[in-house]
Amino acid sequence: MGDKRPAETLDGTPVTMAEGSPPPTAFLEVRDLRIHFPTDDGLVKSVDGLSFRLERGRTLGIVGESGSGKSVTSLGILGLHNRRNAKVSGEIWLDGQELVGASPEEVRRLRGRRMAMIFQDPLSSMHPFYTVGDQIIEAYRVHNDVSKKVARKHAVDMLGRVGIPKPERRVDDYPHQFSGGMRQRAMIAMALSCDPELLIADEPTTALDVTVQAQILDLIRDLQEEFNSAIIMITHDLGVVAELSDDILVMYAGRSVEQASVQDAFHRPLHPYTWGLLGSMPRLDRERSERLLPIKGTPPSLINVPAGCAFSPRCAYAELNEGRSETERPELAEVEPGHRVACHLPLERRRQIWETEILPKL
Amino acid sequence: MKSPKVWTAMTAGAVVLSLGLSACGGGDDGDGEGGSAATKFDAGSNGIVNPSDKKGGVLRMGMSDDFDSTDPGDTYYAFGNNFVRLYSRTLMTYTSKPGADSNKPSPDLAEAAGVPSDGNKTWTFKLKKGLKYEDGSEIKAEHIKYAVARTYDRGVLSHGPAYFPQLLDAGDYKGPYKNKNLDDFKGIETPDDYTVVFKLKDPFPEFNELVTFSGQTAPVPPDKDKGAQYRLHPLSSGPYKWEGDYQPKKGGVLVRNENWDASTDPNRKALPDRIEITAGLEANEVDNRLLNGQLHVDLPGSGVQDAARQKILTDPKLKANADNPYAGFHWYVPISTVNIPNVECRKAIVYAADRDAMWRAYGGDVGGERSTSIQPPIIAGRQKGTDLYTSTAAGYKGDVNKAKEALQACGQPNGFSTTMVYRSDRPKEKAVAEALEQSLGKAGIKLTLKGYPAGTYTAEQFGSPSFVKKEKIGLGTYGWAADWPTGYGYLQAISDGKAIVPAGNSNPSELDDPEINKMWNDVVKLDDAAQREAIYNQIDQKIREKAAILPNVYAKSLLYRPQTLANVYFHAGFGMYDYANLGVTG
Amino acid sequence: MIAFIVRRLLSAVVLMFIITAVTFGIFFLVPKAAGVSEDDLAARFAGKSPTPEALAQVKERLSLDEPLPVQYGRFVKAIVAGDSYDTGVSEVECSAPCLGYSFRTSTPVLDEILDRAPVTLSLAVGAAVIWVIVGVSIGVLSALRRGSLFDRAAMAVALAGVSLPVFFTGLLSLAFIVHAWGLLPSVDYKPLTQDPAAWASSLILPWITLAFLYAAMYARLTRAGMLETMNEDYIRTARAKGLPERTVVTKHGLRAALTPLLTIFGLDFGLLVGGAVLTERAFSLKGLGQLSLDGVIQSDLPVVLGVVLFAALFVVLANLVVDVLYGVVDPRVRHS
């Protein structure tokens with residue numbers, strides 16, 4: 001693995017992209033992405049060798065606890081990390097263009113136009129001093145050479161499309177005058193204002209109540225159908241993933257531990273961490289008392305990631321491997337078509353545990 | 001006037017000396033014009049530096065504070081009385097000469113010195129004729145009567161001296177603001193427009209000196225008086241007049257008064273065409289401007305600040321432009337006769353005091369001279385006196401054994417405790433207090449030191465007998481300068497029992513000794529100045545015998561005269577340069 | 001908005017009455033508590049060795065013998081309805097708002113204040129322009145180049161600027177720039193209306209000295225505010241939109257970072273107009289600060305009261321302007 005990593009200059013920018021790697025076939029392809037932050041306490045390896053692909057019109061759900069590297073990954077794709085304090089390496093191919101090695105200016109021009117992001121907490125993510133309209137107009141005009149008037153009309157259209165009533169009036173309101181759901185709609189309108197082909201939604205519904213949540217998810221789905229965009233849905237809520245995604249990527253400590261279709265992930269998960277996530281997922285049809293089975297322990301420090309399997313200290317089955325989990329890092333391996341897992345436990349044993357120990361408790 | 005030849009010879013000597021100095025100092029700026037500018041250190045203390053009769057130029061004067069008042073009838077500071085001479089003439093004024101001669105009264109508005117009669121109880125002055133104010137109107141005897149009458153109202157004119165109400169026989173006259181009829185003021189009679197007759201309650205032999213020292217006999221026409229606001233533009237009788245109004249705390253400009261007749265005025269040369277006064281400058285800024293020639297005169301005339309002092313004393317070129325005369329002050333330490341009633345205990349304090357440290361606190365040689373009498377050397381007829389209870393043999397360090405003997409005699413063989421006060425914002429006084437704390441401590445006299453702000457010290461703390469009593473203050477730092485340079489002018493206010501007042505008391509020793517009081521009562525009956533001076537010296541001796549005052553140093557000030565300042569000399573009457581006779585060059 | 005301003009002005013009036021009442025109290029009651037009698041107080045105004053009669057006259061003239069509420073009542077009445085002043089010779093009219101007459105110079109206090117206000121205002125405005133421009137620029141650059149040599153050097157200088165008293169820097173700059181090197185003329189204030197060039201050149205050194213102190217403070221505040229703001233979610237959003245970095249910093253970052261500075265600026269500026277005591281002292285500028293300092297030193301109660309009142313008025317006004325501006329800058333304030 002090590003020899004595949006591109007050389008780095010001191011400030012973390014890769015000298016070249018990996019030579020000789022095959023040209024990507026997918027719309028978005030991330031290869032061996034590493035995002036490290038040097039700090040006074042040591043190197044924080046927020047993302048450490050992440051690879052995945054995504055096609056147009058498809059939705060990838062990235063799940064994991066806080067600090068697993070989900071958001072860092074999405075910001076990395078958008079090129080939003082400050083190169084002064086973040087070391088980014090690996091490859092990100094967007095429709096045949098490599099982004100890690102591209103100049104900041106090139107990436108900036110793609111941002112908001114070909115790839116856009118919906119942030120969680122729309123209140124803090126929108127500027128309090130400017131009207132919603134102004135912020136959408138700004139996003140549109142930076143990539144489209146149009147008059148203010150045209151841009152304003154576009155902003156009103158966008159607000160109407162995301163379901164804001166009387167958009168021609170609300171366009172002049174400030175974010176704080178909107179309700180939480182409306183703010184998120186406005187945020188989506190802003191992200192979609194340039195018809196992006198890749199949309200990253202980072203916990204788009206966490207701050208919202210359940211009814212509004214459903215409306216927003218419906219909206220995203222409808223818009224995806226309309227624009228045929230590729231969507232990355234970042235969340236710790238497996239329910240959202242189940243509802244919206246085609247594929248799922250489970251992240252732990254900056255790495256992918258399981259990648260599968262939604263079907264596989266929910267019905268035949270093969271990583272103990274995924275089991276834990278499923279166990280902690282709230283379900284309406286479950287009794288209150290046994291509702292949550294939290295994963296014991298806390299996520300590891302990203303500075304001192306445990307040798308071997310990063311999940312091993314919290315894994316109930318790690319001792320079944322006679323210490324291998326503590327010393328050797330499991331690589332992501334395709335165990336079934338389209339289903340990759342990184343775990344040392346024998347596949348059959350895992351299937352058996354899932355069937356006999358985990359599933360009945362869910 | 002001395003002959004010009006004498007001065008030329010003196011300046012020539014000065015040139016030689018200063019060349020010698022600048023050779024060591026390394027280079028001379030060279031003073032192209034005339035070559036008479038070269039001077040030496042302290043040359044202005046006894047002679048005229050840059051003598052000149054050349055008219056013209058702008059004289060710039062500055063100060064860090066302000067006048068107490070620009071009303072000639074309402075100023076008490078020596079520099080105020082010096083300054084108001086530029087626009088006010090009085091019956092008598094000081095002679096304009098360098099050195100000791102300047103102490104003598106010289107007729108100003110008056111034709112000659114006042115003539116006493118009725119055993120020194122009546123003083124008659126005759127005015128010169130044809131003298132005019134700045135508006136061209138004539139100066140009349142009644143205007144002087146009115147000017148003196150004004151000084152009776154201490155509410156309106158609160159700053160100036162209060163000698164006239166004390167001396168004149170005017171019943172309970174309250175001043176022209178409360179009683180508009182000037183005829184009710186019986187203290188002065190004006191039989192005609194050119195005669196002023198003062199009627200005194202008691203004999204007072206130094207009346208000419210009294211009218212000389214202050215601006216209170218400067219005439220004020222009643223219809224021009226603006227009461228408390230007259231100070232903003234007093235009607236000029238002198239060589240200059242205010243251009244517009246004086247702006248308190250800011251400054252003002254004096255321009256020539258065309259109605260002043262130089263031929264009637266031998267005391268003022270009035271050389272500059274214009275005089276600019278700036279008040280409220282930062283103290284060190286005054287010195288800096290003085291040193292770079294932007295200012296010609298530091299008005300208060302008390303000398304430069306420490307920073308400039310260092311600079312001047314270490315640079316021979318600068319030092320040649322400085323004078324180091326007696327400032328007129330004696331910095332001494334009154335000992336309370338109320339809180340320390342036993343003379344032996346007071347003597348112990350004097351014996352034990354480390355006079356050397358006290359002297360060094362004031363800056364050593366340049367700061368002043370160790371005093372031997374209460375009257376400073378500037379006082380006419382003052383005798384040098386001796387240190388009664390100070391042992392010079394031990395290097396002025398104090399004599400613990402003698403002090404202990406005195407304590408024994410006082411009945412306090414183990415010493416005693418008392419409080420000493422000082423002005424907390426005056427580092428020198430603090431140093432004096434600390435020196436005393438240490439040296440008296442060796443004899444067993446324990447001092448508790450307390451500092452108070454200078455602004456209130458002489459009015460509310462050390463100057464308030466009730467406060468002194470309440471706080472059991474035994475001694476404190478103090479300084480005194482004469483109103484006029486005689487023994488009466490210096491000593492009366494600080495040693496006469498009658499001088500003790502409830503606030504702003506200038507006799508903090510509260511010396512109320514029958515013997516001394518009697519001498520004060522009797523001395524005023526003597527016509528002969530020499531006889532009076534003998535009594536003053538006896539009083540001086542008595543004060544020291546009674547150990548009511550611990551002498552310290554006769555202050556010397558370090559005055560700087562920029563090279564562009566002409567006709568400069570130290571005037572003993574004011575204790576600074578004579579402002580009415582300065583000129584500017586270049 | 002109007003109601004808001006009116007309400008604020010009314011509370012300002014109340015505040016000023018409280019402030020003057022407290023000043024009155026400090027002037028009369030504190031010395032009394034320290035054992036100073038009315039005679040002693042009068043002796044401050046009565047020259048050398050005053051007799052008891054003289055003290056009585058001074059007390060009567062300055063009304064020091066009247067009960068405190070009566071004196072305060074007269075003070076307030078003079079402001080509202082004017083007063084007359086007895087010069088001794090005649091009564092001089094002092095129309096409302098009359099701040100009384102100086103105990104020391106017998107001049108109307110309002111005239112003195114109006115005469116000096118331009119000096120202090122010139123000083124404050126000029127210094128404020130410099131310190132805002134310099135302080136904010138350095139703060140922004142420091143924040144954007146956080147940890148760089150520039151940042152560290154700027155913050156070290158700023159720390160020095162904040163720590164050094166203006167009196168020290170002022171006298172130092174005078175000693176060298178004016179007196180030793182002669183780079184600038186002495187500070188001699190000339191009115192703007194008379195000669196703008198002389199006005200500016202006479203004030204340049206005080207401006208810089210005063211601005212140094214504040215610029216240092218504002219640089220640190222701006223830097224901290226900017227660092228905080230640039231970490232805000234909406235800045236990330238602005239970048240995600242593909243805005244050029246310059247737009248992100250100026251339009252989105254700076255505006256939000258500077259808004260809290262507005263409050264501090266309002267206070268600082270208001271206080272400064274009330275008198276930059278140390279700067280005025282160091283540069284011998286005859287502004288309100290010097291006036292109040294002299295007033296305090298000389299126990300000139302009417303002057304002290306007048307300046308305190310004027311300063312309070314300015315602080316209140318400056319804060320009012322800030323509050324109004326805040327509404328303009330931050331729509332959240334406007335709508336709440």
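## Close-up views of chains A, B and C

**Figure 1. Helix α7 (residues 166-180) of chain C supplies 3 residues, the largest share, of a nonpolar surface patch.** The coordinates belong to a predicted model. Members of the patch are C:Val157, C:Leu164, C:Phe168, C:Leu172, C:Phe176, C:Trp181, C:Leu183 and C:Phe212, and their accessible area together is about 770 Å². C:Phe212 is part of helix α8, which runs over residues 196-229 of chain C. The relative accessible area of C:Phe212 is 31%. Because a patch takes residues with over 30% relative accessible area, C:Phe212 at 31% passes that cut-off. The label for C:Phe212 is partly exposed.

**Figure 2. Six spans of chain C carry the annotation "transmembrane region" in an unreviewed UniProt entry.** The record lists residues 9-30, 121-144, 156-178, 198-219, 261-283 and 303-329. Two of these spans are described here. Residues 156-178 are 91% helix and 0% strand, with 26 Å between the end C-alpha atoms. For residues 198-219 the helix content is 100% and the strand content 0%, and the end C-alpha atoms are separated by 29 Å.

**Figure 3. Chain C has 14 helices and 2 strands.** Along the principal axes, the C-alpha atoms of chain C occupy a box of roughly 85 × 55 × 45 Å. Chain C has 336 residues, of which 51% count as buried. The unreviewed UniProt entry assigns residues 117-326 to the feature "domain: ABC transmembrane type-1". That span is 81% helix and 0% strand, and its end C-alpha atoms lie 27 Å apart.

**Figure 4. The peptide bond between C:Ala96 and C:Pro97 is cis.** Its omega is about -5°. C:Pro97 sits in the loop of chain C that links β2 (91-94) to α5 (109-144). As background, most peptide bonds are trans.

**Figure 5. Five acidic residues of chain B form a patch of negative charge on the surface.** The patch consists of B:Glu142, B:Asp183, B:Asp184, B:Asp192 and B:Asp193. B:Asp184 is placed in the loop of chain B between α5 (163-167) and β6 (188-189). Its relative accessibility is 36%, so B:Asp184 counts as partly exposed.

**Figure 6. Residues 104-497 of chain B are annotated as "domain: Solute-binding protein family" in an unreviewed UniProt entry.** Helix makes up 29% of this span and strand 18%. The C-alpha atoms at the two ends of residues 104-497 are 28 Å apart.

**Figure 7. A:Asp195 and B:Asn50 are two non-glycine residues with positive phi.** Most residues other than glycine have a negative phi. For A:Asp195, phi is about 50°. A:Asp195 lies in the loop between α7 (180-192) and β7 (198-202) of chain A. With a relative accessible area of 41%, A:Asp195 is partly exposed. For B:Asn50, phi is near 55°. The loop that holds B:Asn50 is between α2 (43-46) and β1 (58-62) of chain B. B:Asn50 is buried because its relative accessible area is 7%, and buried means under 20%.

Definitions and conventions: Residues are numbered from 1 along each chain as its sequence is written. Chains are lettered from A and ligands numbered from 1 in the order in which they are written. This is a predicted model: local features need pLDDT of at least 70, side-chain atom pairs count only at pLDDT 80 or more; totals for chains, interfaces and linings use all residues. Side-chain values use heavy atoms; hydrogens and water are left out. UniProt positions are given in the numbering used here, feature names are shortened, and annotations may be inferred rather than shown by experiment. Helices (H or I, at least four residues) and strands (E, at least two) are DSSP runs, numbered from the N terminus. Patches are made of residues with over 30% relative accessible area and no salt bridge: like charges are joined within 9 Å, nonpolar side chains (Val, Leu, Ile, Met, Phe, Trp, Tyr) within 5 Å. Accessible areas come from the Shrake-Rupley method with a 1.4 Å probe; for residues, only the protein chains shown count as cover. A salt bridge is a side-chain nitrogen of Lys or Arg within 4 Å of a carboxyl oxygen of Asp or Glu. Buried means under 20% relative accessible area, exposed over 50%, partly exposed in between (1.4 Å probe, protein chains only). Lys and Arg count as positive and Asp and Glu as negative; His and the chain ends are not counted. The place of a charge is taken as NZ of Lys, CZ of Arg, CG of Asp or CD of Glu.
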